[in-house]
Amino acid sequence: MGTFIQQVFNGLTVGGIYALIALGYTMVYGVMRLINFAHGDLCILGAFIGLTMLTSTAGSGHPGPALLLLAFVVAIVLVAAAGVVLELVAYRPLRKADRLAAVISALGASLLIENGIMLIWGPEVAVFPSGLLPRITWHAAGASISFVQVMIIVASIFLMAALYLFVNHTRFGTAIRAAAIDQDAARLMGINVNRVIAIVFVIGPTLGAVGGLFIGIYYREAYFTMGWTYGLYAFIAAILGGIGNIPGAMLGGVLLGLFNAFAAGYVSSSWQNAITFALLIAILLVRPTGLLGERVAEKV
Amino acid sequence: MSLLDIADLRVNYGQIEALKGISLTVSKREIIAILGANGAGKTTLMRTISGLLLPRSGTIHFDGVGITKLGADRIVRRGIAQSPEGRRVFGTLTVLENLRLGGFTRPHGEIAGSLDFVMSMFPRLAERRGQFAGTLSGGEQQMLAIGRALMAKPRLLLLDEPSLGLAPIIVQAIFRSLRQIARTGVTVLLVEQNARMALKLADRGYVLEVGRIVLTGEADTLLGSSEIQTAYLGGERSDGASLLS
């Protein structure tokens, strides 16, 4: 029982992070039919910016949580700006070009950001400072749950709920969904599709920066190729849920996190990826469009 | 003064010159029909007016102001709304969400009044307001596409093939609604393969053939002309269906 509760919490923590990052993949795909391969790197850029903020403000005498909040705000603002620039420079000029051109551009952008991170922060593993957050751990029924885990889970739920409400219950959110269904029809409604795409490139990297910084805080480290590792997980989460589908990315992220945790907890952590991906393949064999995806087949 | 003034419009669609110098005018409160077979360039013309395609040359003026190079969203804000060919309703959004999107450019407070107007015009949409648009019948989707365009409160309403793929009885219902809509003072530019229905509704008509206007005149004259009779009205048929559709 203790292992079970423990792995549920471990799974929800990483699952929440995967979901936050997966939303960026799925929203961009939904509106542009493009896999933004640079997304994972943007997220880790957020982790490094946050880390720099934390190390440079450490010892300033302000309370840890305030410094952490500041790190998040700065990371979000800079990563969102990078997302908008990425779209303008790497994707907008290619919008009418062959789909392969945009994919190559995305891969190039990914390498550029990754190597940019290496040039600025170096190739070593950077370690996050400790002592920013209360070192509280709750023990119950043989499981121990840390404050960081609870913070990540609560924040992920809050951000996803906010996104869901925005997309489904506001005018501009409906415009985003309309542009995802049919861009020309959306234009005929008076929707500025360029603005919709720009907003998507603000929302995705915003959630991604939070996810990236969570990864750094949770594992207490960051390294420049981390964007590929976690970007791949999150991308798979988006596929699992049905790419292009927002609740799908949330569900896919959480499920992938839980698979991962249970595989690690009940079998072995060295087998966790093999087991997770075997399950993923099994699900995709039954539902090739992902758990909640139904539009993909007709759109591609 | 004319509300819409198009001069020598040339539009390429890839390598093909789809419009080869179109000039036409639409006056305020007129209903204009544009007739022609598949591939004549009717939809290209509509897409160009709405700003979805950029012309190679020529000009489009709306209410005296050049809109040739404006983006599609700005053109809606100027007062031109379109119900596109193939209806293009947002299938995974509800009927109500579709209609609200039609009013995307309008101030929030004006939406409710327009919704009431559209729903009284098409009571079926009111009944199905919570349903996904993709689950509606073809006729209902056409009503939704027209209603959605009306939500923008346009001064000029562009209708691209509102009868496409619909049963004759539904087509008649839709054209009755169009007559009602025109009576509210909206200017209408209607593209149709169903020439008889279109000309019965319209004041004037233009006939398009492979990117050129080959014939124009009063709707009654066109209805009676022998060229139209043989090419678009299929001789003696009286059910309103064109042989070409």
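Biologist: How does one judge whether chain B, with 245 residues, agrees with a compact globule?

Modeller: One compares its radius of gyration with the value that a compact globule of equal length would have. This is a predicted model, and every value here is computed from it. For 245 residues the expected radius of gyration is near 18 Å, and chain B has 17 Å, which agrees. The C-alpha atoms of chain B fill a box of roughly 45 × 40 × 35 Å along the principal axes.

Biologist: What is the radius of gyration of chain A, and what would a compact globule with 300 residues have?

Modeller: Chain A has 19 Å, and a compact globule with 300 residues would have a value near 19 Å, so the two agree. The C-alpha trace of chain A spans about 55 × 45 × 35 Å along its principal axes.

Biologist: How many helices and strands does each chain have?

Modeller: Chain A has 12 helices and 4 strands. Chain B has 10 helices and 10 strands.

Biologist: What share of the residues counts as buried in each chain?

Modeller: A residue is called buried when its relative accessible area is under 20%. In chain B, 55% of the 245 residues meet that condition. In chain A, buried residues make up 53% of the 300 residues. As for the surface, chain B exposes about 10,300 Å², of which carbon and sulfur atoms supply 51%. Chain A exposes about 12,600 Å², and there carbon and sulfur atoms supply 71%.

Biologist: What do the contacts between residues at least 6 apart in sequence show?

Modeller: One asks what percentage of them join residues at least 24 apart. In chain A that percentage is 77%, and in chain B it is 67%.

Biologist: Where does A:Asn260 lie, and which residues does it touch?

Modeller: A:Asn260 lies in helix H10 of chain A, residues 246-267. With residues up to four places away in sequence not counted, A:Asn260 touches A:Tyr18, A:Tyr233, A:Gln272, A:Asn273 and A:Thr276. A:Asn260 counts as buried because its relative accessibility is 2%. A:Asn260 and A:Asn10 are 250 residues apart in sequence, yet their C-alpha atoms are 9.0 Å apart in space.

Biologist: Is A:Gly64 buried or exposed?

Modeller: A:Gly64 counts as buried, at 16% relative accessibility. A:Gly64 is found in helix H3 of chain A, residues 64-91. Its C-alpha atom is separated by 9.0 Å from that of A:Leu54, 10 residues apart along the chain.

Biologist: Which residues are in contact with B:Ala198 in chain B?

Modeller: Leaving aside neighbours within four places in sequence, B:Ala198 is in contact with B:Ala33, B:Leu35, B:Phe175, B:Leu190 and B:Glu192. B:Ala198 is found in helix H8 of chain B, residues 195-201. B:Ala198 is buried, with a relative accessible area of 0%. The C-alpha atoms of B:Ala198 and B:Val95 are separated by 27 Å, and these residues are 103 apart along the chain.

Biologist: How should the phi values of B:Lys153 and B:Glu161 be read?

Modeller: Most residues other than glycine have a negative phi. B:Lys153 is not a glycine, although its phi is positive, at about 50 degrees. B:Glu161 also has a positive phi, near 55 degrees. B:Lys153 is in the loop between helix H6 (138-150) and strand S7 (156-160) of chain B. B:Glu161 lies in the loop between S7 and helix H7 (168-183) of chain B.

Biologist: Which of these two residues is buried, and which is exposed?

Modeller: B:Lys153 is exposed, with a relative accessible area of 60%, whereas B:Glu161 is buried, with a relative accessible area of 2%.

Biologist: How does one find empty space, and what is the volume of the largest pocket?

Modeller: Rolling a probe the size of a water molecule over the atoms shows where empty space is left. Here the largest pocket has a volume of about 1,000 Å³. The largest pocket is lined by 33 residues, and A:Arg95, A:Lys96, A:Gln183, A:Asp184 and A:Arg187 lie nearest its centre. Elements giving two or more residues to this lining include helix H1 (2-32) and helix H4 (99-121) of chain A, together with helix H2 (72-78) of chain B.

Biologist: How do the residues of that lining divide into nonpolar, polar and charged?

Modeller: The lining of the largest pocket has 15 nonpolar, 6 polar and 12 charged residues.

Conventions
Residues are numbered from 1 along each chain as its sequence is written. Chains are lettered from A and ligands numbered from 1 in the order in which they are written. This is a predicted model: local features need pLDDT of at least 70, side-chain atom pairs count only at pLDDT 80 or more; totals for chains, interfaces and linings use all residues. Side-chain values use heavy atoms; hydrogens and water are left out. On a 1 Å grid over the protein atoms alone, a cavity is a set of points where a 1.4 Å probe fits but cannot get out, and a pocket is an open set with protein on both sides within 12 Å along at least five of seven lines; lining residues have an atom within 4 Å of a point. Grid points are joined across faces, edges and corners, and a volume is the space filled by probe spheres set on the points. Ala, Val, Leu, Ile, Met, Phe, Trp, Tyr, Cys and Pro count as nonpolar, Asp, Glu, Lys and Arg as charged, and the others, Gly among them, as polar. The radius of gyration is taken over C-alpha atoms; the globule rule is 2.2 Å times the number of residues to the power 0.38. Buried means under 20% relative accessible area, exposed over 50%, partly exposed in between (1.4 Å probe, protein chains only). Contact means heavy atoms within 4.5 Å. Accessible areas come from the Shrake-Rupley method with a 1.4 Å probe; for residues, only the protein chains shown count as cover.
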